[in-house]
Amino acid sequence: MALWRNKIIIFILISLLFVVLFNLLSTNQETYHDVKPKTFYRNTRRLMNLKNFKYVINSDVCELLHPTPIIVHSYIGNFDFRLALRQSYSKTVLDSLGFRYVFMVGLSNSSDVQSRLLQESFQFGDIVQGNFREAYRNLTYKHVMGLTWFTEFCQNSTYMVKMDDDIAVNVFKLKDVIQSNYDLAGCIIKTKPIRDKHNKWYVSKEEFTEETYPAFLSGWLYVAKMTSVQRLLRAIKLKDYFWIDDLYVTGILAERAQICLKDLRSDFEIDPGAIYCCIKKQQRCEFLAAPTGDNYFILQQYSKQLSYCKATNLSCDVFRKSKQHHSCLDLWKKPAVKTQKGKPSIEILN
């Protein structure tokens, strides 16, 4: 009996040990483990007014090559947009220019989306995720997270680029902008608060008391020097969270930090028209940034055409500065179709 009792006790102890080890090695909602354990963090810190901020997923893209990171603000569910950006320019082109993409995302309410994001991170190693919910009014957390991440993990990089995941960017021209040694450069916007409560951009007097916003940079794309990013972060006050992230970071904080903005407005396009001129007619290719209208297919088509122009020394910038309206500028439009206000709906037209 004593022998059987000892065997039963040993069996129970082994079973308990197995359960403990299984729980430690399994993925749960708070902590993630895989072949890259260094990319996941338990330690928390303050991010603005978030007391327990942490990186749920991190990236080491700056560790070896010390590139200029292109920090892309991406909605967590935009898997196709992120893949399109990765496939837009070849690794050879990006490496030669010293660029690497890294994508900033928040938390999803869906465990399936989170699982898919983990797989994406393991495959590409370019995801940074904060432990705040993915929401429109949380974009300032995402923006400041990206700046903070840059200063913490890219300390040997001199510049960073911030962009949105639905913007077509000319990386060759972007390299020229960085070499111009600007502190903070992009498309300057000057506007006033909208006080109409029915408007998407409504801002109350309590949120912003002044009648004019400080000049700020479009969030589509901007370039920032490391020293400027550090000054922006030092200018943050604990209780001054403002939900329009581009305005808060490059306007309010930049003004507070006394950073001069460089206006690159002439190199920005306001709609997808120029992208189609480049793809279809090999014209107007040499802009810096243009919206895709949420069509991630043309990200690859534009970069392919632009890379071809560069490789063959073709002049693909005909009519770039022309005031004349060219028919290719209208190729993105869908006639007689109602579209969501402020979001052009587009398709490739042969």
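**Notebook: helix packing and cavities**

I began with helix 2 and helix 10, which are roughly parallel to each other, because angles under 35 degrees count as such and their axes cross at roughly 10°. The model I consulted is a predicted one. In it, the axes of helix 2 and helix 10 come within 8 Å.

I then looked up which residues form this contact. Helix 2 contributes Phe81, Ala84, Leu85, Gln87 and Ser88, and helix 10 contributes Leu299, Gln300, Ser303 and Lys304. I sorted the residues of the contact of helix 2 with helix 10 into four nonpolar, four polar and one charged.

**Entry on cavities**

I next searched for enclosed space. The count comes to two cavities of 30 Å³ or more. The largest cavity holds about 50 Å³ of space.

Which residues line the largest cavity? I listed Leu85, Ser88, Tyr89, Tyr101, Ile167, Ala168, Val169, Leu299, Tyr302 and Ser303. Helix 2 (79-88), strand 8 (167-169) and helix 10 (297-312) each supply at least two residues of this lining. I noted that Leu85 and Ser88 of helix 2, with Leu299 and Ser303 of helix 10, belong to the lining and also take part in the contact between these two helices. By class, the lining of the largest cavity has eight nonpolar residues, two polar ones and no charged ones.

**Entry on helix 5 and helix 8**

I turned to helix 5 and its contact with helix 8 (residues 245-256), where the axes come within 8 Å and cross at roughly 45°. That angle makes helix 5 oblique to helix 8. From helix 5 I recorded Leu139, Thr140, His143, Val144 and Leu147, and from helix 8 Asp245, Asp246, Tyr248 and Val249. The residues of this contact divide into five nonpolar, two polar and two charged.

**Entry on helix 5 and helix 7**

Lastly I examined helix 5 (residues 139-153) against helix 7 (residues 226-234); their axes come within 10 Å and cross at roughly 125°. Helix 5 and helix 7 are therefore oblique to each other. Is their crossing left-handed or right-handed? I found the crossing of helix 5 and helix 7 to be left-handed.

On the side of helix 5, the contact is made by Val144, Leu147, Thr148, Phe150 and Thr151. On the side of helix 7, Met226, Val229, Gln230, Leu232 and Leu233 take part. I counted seven nonpolar, three polar and no charged residues in the contact of helix 5 with helix 7. Val144 and Leu147 of helix 5 appear in the contact with helix 7 and again in the contact with helix 8.

How values were computed: Residues numbered from 1 in each chain as written. Predicted model: local features only at pLDDT ≥ 70, side-chain atom pairs only at ≥ 80, totals over all residues. Heavy atoms only, no water. Axes fitted to C-alpha atoms, helices over the stretch in contact; angles between N-to-C directions. Helix = DSSP H or I, 4+ residues; strand = E, 2+ residues; numbered from the N terminus. Parallel < 35°, antiparallel > 145°, perpendicular 65-115°, else oblique. Left-handed = near helix turned anticlockwise from the far one by under 90°. Contact = heavy atoms within 4.5 Å. Nonpolar A, V, L, I, M, F, W, Y, C, P; charged D, E, K, R; others polar. 1 Å grid on protein atoms, 1.4 Å probe; cavity = no way out; pocket = protein on both sides within 12 Å on 5 of 7 lines; lining within 4 Å. Points joined across faces, edges and corners; volume = space filled by probe spheres on them.
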